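Visitor: I have a model open in my viewer and would like to learn how to read it feature by feature. Could you walk me through it?

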Amino acid sequence: SKAGVDNVGLFGYVTGNISNVNLNVQNITANNYVGGLVGYQFSGTITNSTATVSGSVTANNSAGGLVGISTGTISSSSVTISGSVTAAGNAVGGLVGHNNYGNISGSSAIITGTVTAGNFAGGLAGYSTGTISNSSATIYDSAIINATNTNVGAVVVNAGTVTNTYATILDSQYGNITFLGENVSNAVGGNLLDSMYLNNNSAYVNGSIAGYNKSANITLIGL
């Protein structure tokens, strides 16, 4: 625990390259810009690296399973969250809390645990003004993706560019739904999965979700 300290992770503040790092994250608590691997990625590239969050990553603002805030490049990297990534304030994502004009490509988040923020919570990134491409978020029905106040997204709450990046919701009883559009989000916040339903013959997304009219691939068990 580093209460009051910013830029906390295995590497706190990074301006260079990181590659081929695999780590298990137990418990990290600090102020702002907190990630399992990197707190603040100012520049450089993170590639071929993974984090498994079995414990907790906790910040006031900008928390991510891999990186708290990034203005650099993240490629071919992933995170698996069975624990929790949380912030009382803004920007929490499975992979990156805040993608601040950075670039994410070929990366993924798998979530069975909890990703929650006051505002801007997303399966892959909490908030992005950068570029995200060829990436994915896989969210199990045991997961909680929650924004207490506003803006929750399956992939990201987005003000940047997202291409070829999808979210899949896995339901252990009935099947799964893969949304073929990145804008699956709810501006009013709450737990994202509370507005997504699968039953024994159909899939349904609440009309308040921005992805309501998006195309999807649906696989229902037993049909």
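Guide: We will go from the whole chain to its sheets, its core, its rings and a few single residues. Keep in mind throughout that this is a predicted model.

Visitor: Gladly. How many helices and how many strands are there in the chain?

Guide: A count of secondary-structure elements is a good place to begin. The chain has 29 strands and zero helices.

Visitor: What share of the residues is buried?

Guide: Of the 223 residues in the chain, 54% are buried. For the surface that remains, the accessible area comes to about 8600 Å², and carbon and sulfur atoms hold 45% of that area.

Visitor: And what do the contacts say about sequence separation?

Guide: Take the contacts in the chain with a separation of 6 or more: 77% of them join residues 24 or more positions apart. One pair shows how the chain brings distant positions together in space: asparagine 158 and threonine 131 are 27 residues apart along the chain, and their C-alpha atoms are separated by 9.6 Å.

Visitor: Now the sheets. In what order do the strands of an open sheet lie?

Guide: To read a sheet, list its strands by spatial neighbour and then ask about direction. One open sheet has six strands in the order E1-E5-E9-E13-E17-E21, with parallel pairing. At its edges are strand E1 (11–14) and strand E21 (156–158), each of which pairs on one side only. On average, and ignoring direction, neighbouring strands of this sheet are turned by 5° against each other.

Visitor: Which residues face each other as partners along that sheet?

Guide: Follow the bridges from strand to strand. Strand E5 (residues 38–41) is joined to strand E9 (residues 67–70) by three parallel bridges, and glutamine 41 has serine 70 in E9 as its bridge partner. E9 in turn runs parallel to strand E13 (residues 96–99), again with three bridges; here isoleucine 69 is partnered by histidine 98 in E13. Three more bridges link E13 with strand E17 (residues 125–128), also parallel, and histidine 98 has tyrosine 127 in E17 as its partner.

Visitor: Which other open sheet of six strands is there, and in what order do its strands run?

Guide: Its order is E2-E6-E10-E14-E18-E22, and the pairing is parallel. Strand E2 (18–19) and strand E22 (161–163) each have a single partner strand, so one side of each lacks a neighbour in the sheet. Near the E22 end of that order, strand E18 (residues 131–133) pairs with E22 in the parallel sense over three bridges, with isoleucine 132 opposite valine 162.

Visitor: How should I think about the core?

Guide: In soluble globular proteins, nonpolar side chains tend to be buried together. In this model the largest nonpolar core has 51 residues. Those with the most contacts inside it are Leu37, Ile46, Leu66, Ile74, Leu95 and Ile145. Strand E7 (residues 50–59) gives the most to this core, with four residues.

Visitor: And the aromatic rings: how many pairs are there?

Guide: For rings, look at the distance between centres and the angle between planes. The count comes to five aromatic pairs. In one of them, tyrosine 40 and phenylalanine 42 have ring centres 6.4 Å apart and planes at 40°, so the pair is tilted. Ring pairs also link Tyr13, Tyr33, Tyr40 and Phe42 into a cluster. Tyrosine 40 is buried, at 16% relative accessibility, while phenylalanine 42, at 43%, is partly exposed.

Visitor: Is asparagine 99 buried or exposed, and what is it in contact with?

Guide: Asparagine 99, in strand E13, counts as buried because its relative accessibility is 0%. Beyond its neighbours within four places in sequence, its contacts include Ser70, Tyr127, Ser128 and Thr131. Asparagine 158 in strand E21 is partly exposed, at 33% relative accessibility.

Visitor: Where does serine 133 lie, and what surrounds it?

Guide: Serine 133 lies in strand E18 and is buried, with a relative accessible area of 13%. Leaving aside neighbours within four places in sequence, serine 133 is in contact with Ile104, Ser105, Gly106, Thr163, Asn164 and Thr165.

Key. Residues are numbered from 1 along each chain as its sequence is written. This is a predicted model: local features need pLDDT of at least 70, side-chain atom pairs count only at pLDDT 80 or more; totals for chains, interfaces and linings use all residues. Side-chain values use heavy atoms; hydrogens and water are left out. Rings of Phe, Tyr and Trp (its six-membered ring) pair if their centres lie within 6.5 Å; planes under 30 degrees apart count as stacked, over 60 as edge-to-face and the rest as tilted. Buried means under 20% relative accessible area, exposed over 50%, partly exposed in between (1.4 Å probe, protein chains only). Two strands pair if DSSP finds at least two bridges between them. Helices (H or I, at least four residues) and strands (E, at least two) are DSSP runs, numbered from the N terminus. Axes are lines fitted to C-alpha atoms, for helices over the stretch in contact, and angles run from 0 to 180 degrees between N-to-C directions. A nonpolar core is a set of buried Ala, Val, Leu, Ile, Met, Phe, Trp, Tyr and Cys residues joined through side-chain atoms within 4.5 Å. Contact means heavy atoms within 4.5 Å. Accessible areas come from the Shrake-Rupley method with a 1.4 Å probe; for residues, only the protein chains shown count as cover.
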